[in-house]
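Subject: Structure handover

Hello,

Here is the structure for you to take over. Please open it alongside this message.

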Amino acid sequence: MVSISAFAIDKTEVTQAAYTSCVQAGKCSAPTCDWDCSDGNLPASCVNIADAKAYCAFVGGRLPTEAEWELAARGTDARVYPWGNDAPTCDLVNMDGCGEKASDVGSHPTGASPFGVMDMAGNVVEIVADFYAADYYAMSPAMDPKGPASGEHYVGRGGGYKSTAIWQRTSARDTYDSTDAAKSLGFRCAH
């Protein structure tokens, strides 16, 4: 158990349209893959952790810590999934077997977290600020843990459209290299 100071987190993943404004302002790098620019409401993807941090700074925010992300997804009642404890379905989450590509952010309102935060499971795996250590929470501070001070990998949370149902749990975490930038990897900001 850890305690978290008050924070705000974006209701949705950062969109391609929003990220494009940062690229046009010269504050963010262009994505590493082609986007379907006809739909700016798709999640910004194909960006690495440095790009995600640059965007969040551009809008006056930061990446959420892993603990903040999990609280926003799980709530205070220890939910297995953001929407509760019922197994994932394609009505609740965009995951493997539900379309095979990202959908517009907020497309699964019945899958929202108890705080009304959308797509905390599915759509794209979300980059968080923390470096990864498998045993970090066994030794973390009890107040506002920020992850290990250094590391070779960082944490991704939330499962994505390529992830099976087990990865949609609020407790699921995965590791990524600092250069990873894939269509199935996106982010949201905290404030």
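Below are the findings, starting with the disulfides and ending with the nonpolar cores.

One point before the details: this is a predicted model.

**Disulfides**

The count comes to 4 disulfides. Numbering the bonded cysteines along the chain, the pairing runs 1-2, 3-4, 5-8, 6-7. Three of these links are described here.

Cys33 is joined to Cys46, with an S to S distance of 1.7 Å. Both cysteines sit in the loop between α1 (16-24) and α2 (49-58), 13 residues apart. The torsion about their S-S bond is about 80 degrees, so this disulfide is right-handed. Cys46 is buried, at a relative accessible area of 1%.

Cys56 pairs with Cys189, and their sulfur atoms lie 2.1 Å apart. This pair links distant parts of the chain, 133 residues apart. Cys56 belongs to helix α2, while Cys189 is in the segment after β4 (185-186). Here the S-S torsion is about -90 degrees, so the link is left-handed. Both Cys56 and Cys189 are buried.

Cys90 and Cys98 form a further disulfide, sulfur to sulfur 2.0 Å. The handedness is left again, with -80 degrees about the S-S bond. Is Cys90 buried or exposed? Neither label fits: Cys90 has 38% relative accessibility, so it counts as partly exposed, the class between the 20% and 50% cut-offs.

**Helix α1**

Which residues of α1 are buried? They are Gln16, Tyr19 and Cys22. Their arc around the axis is only 115 degrees, so they lie on the same side of α1. These buried residues pack against α2. After the helix comes Gly26, with a positive phi near 80 degrees.

**Helix α3**

Helix α3 covers residues 66-74. Of its 9 residues, 7 are buried, so the helix is largely enclosed by the rest of the structure. The buried set is Glu66, Ala67, Glu68, Trp69, Ala72, Ala73 and Arg74. Note that the set includes Glu66, Glu68 and Arg74 as well as Trp69.

What covers these buried residues? The cover includes the strands β1 (125-131), β2 (153-157) and β3 (173-177), along with helix α4 (136-139). Just after α3, Gly75 has a positive phi of about 80 degrees.

**Nonpolar cores**

In soluble globular proteins, nonpolar side chains tend to be buried together. The largest nonpolar core in this model has 21 residues. Within this core, the residues with the most contacts are Val14, Tyr19, Tyr55, Leu63, Ile127 and Phe187. The elements giving two or more residues to this core are α1, α2 and β1. α2 supplies the largest share, 4 residues.

Val14 is worth a look on screen. Beyond its neighbours within four places in sequence, Val14 is in contact with Tyr19, Leu42, Pro43, Ala44, Tyr55, Phe187, Arg188 and Cys189. Tyr19 in that list is one of the buried residues of α1. Cys189 is the disulfide partner of Cys56.

Apart from this core lies another, of 8 residues. Among them are Ile9, Ala72, Ala73 and Val128. Ala72 and Ala73 also appear among the buried residues of α3.

Best regards

Note on methods
Residues are numbered from 1 along each chain as its sequence is written. This is a predicted model: local features need pLDDT of at least 70, side-chain atom pairs count only at pLDDT 80 or more; totals for chains, interfaces and linings use all residues. Side-chain values use heavy atoms; hydrogens and water are left out. A disulfide is a pair of cysteine sulfur atoms within 2.5 Å. Buried means under 20% relative accessible area, exposed over 50%, partly exposed in between (1.4 Å probe, protein chains only). The arc is that of the directions from the helix axis to the C-beta atoms. Contact means heavy atoms within 4.5 Å. A nonpolar core is a set of buried Ala, Val, Leu, Ile, Met, Phe, Trp, Tyr and Cys residues joined through side-chain atoms within 4.5 Å.
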